[in-house]
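Thanks for sharing this one. Here are a few notes to read alongside the structure, in numbered points.

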Amino acid sequence: MAVIRLWLVLLALEAVFFVALRLYLRLRRAERLRDRWREGHGRGAAGEDAFVARGMAGFEKGLRARLSFLVFVLPNLAVLVIVYLVNWH
C-alpha cells in the first residue's frame with residue numbers, strides 16, 4: 001500500500017514538473033523566434049505573430065518536446081527498479 005501512495009505522489013509531482021517544464025520550453029522557443037524575427041525585420045514589423053505561430057507549430061514534433069516526456073518515464077522506472085531490488089534480491 002505504501003508503494004501505491006508513493007507512486008501517486010510521484011505522479012502528482014511529475015505532472016506539476018512536466019507542466020512547468022513544457023511552459024518554460026514553449027516560452028523560451030517563442031522568445032527565440034521573436035528575437036530571430038526582430039533581427040531580420042526590425043521591431044514592430046507586421047507578421048511577427050504569424051512567424052511565431054508557424055515556428056511553434058513544429059515545436060510539438062521536436063526533440064525537446066519529446067524528451068520532456070521522460071519526466072514521467074525515468075522516475076517511475078527508478079521506483080520500479082528500487083522496489084524490485086529491495087523485495088526480490
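1. Setting aside its neighbours within four places in sequence, Glu48 is in contact with Arg34, Trp37 and Arg38. Glu48 itself is found in helix H2. Please keep in mind throughout that this is a predicted model.

2. Is Glu48 buried or exposed? Its relative accessibility is 11%, and the cut-off for buried is under 20%, so Glu48 counts as buried. The Glu48 side chain also has a polar partner: it makes a polar contact with the side chain of Arg34, at 3.4 Å.

3. Now to helix H1, which covers residues 2–41. With 40 residues at 1.5 Å a residue, H1 should span 58 Å, and its end C-alpha atoms are indeed 58 Å apart, so the two values agree. Just after H1, Gly42 takes a positive phi of about 90 degrees.

4. Which residues of H1 are buried? They are Leu10, Glu14, Phe18, Arg22, Leu25, Ala30, Leu33 and Trp37. You will see charged side chains named there beside nonpolar ones, with Glu14 and Arg22 among them. The buried residues of H1 pack against three helices: H2 (48–57), H3 (63–67) and H4 (70–88).

5. The largest nonpolar core has nine residues, namely Leu25, Ala30, Leu33, Trp37, Phe51, Val52, Met56, Phe59 and Ala65. H1 and H2 each supply at least two residues of this core, and H1 gives the most, with four. Trp37 is worth a look on screen, as a member of this core that is also in contact with Glu48.

Terms used: Residues are numbered from 1 along each chain as its sequence is written. This is a predicted model: local features need pLDDT of at least 70, side-chain atom pairs count only at pLDDT 80 or more; totals for chains, interfaces and linings use all residues. Side-chain values use heavy atoms; hydrogens and water are left out. The expected span of a helix is 1.5 Å times one less than its number of residues. Buried means under 20% relative accessible area, exposed over 50%, partly exposed in between (1.4 Å probe, protein chains only). Contact means heavy atoms within 4.5 Å. A nonpolar core is a set of buried Ala, Val, Leu, Ile, Met, Phe, Trp, Tyr and Cys residues joined through side-chain atoms within 4.5 Å. A polar contact is a pair of N or O atoms within 3.5 Å; within protein, one must be able to donate a hydrogen and the other to accept it, and residues adjacent in sequence count only if both atoms are side-chain atoms.
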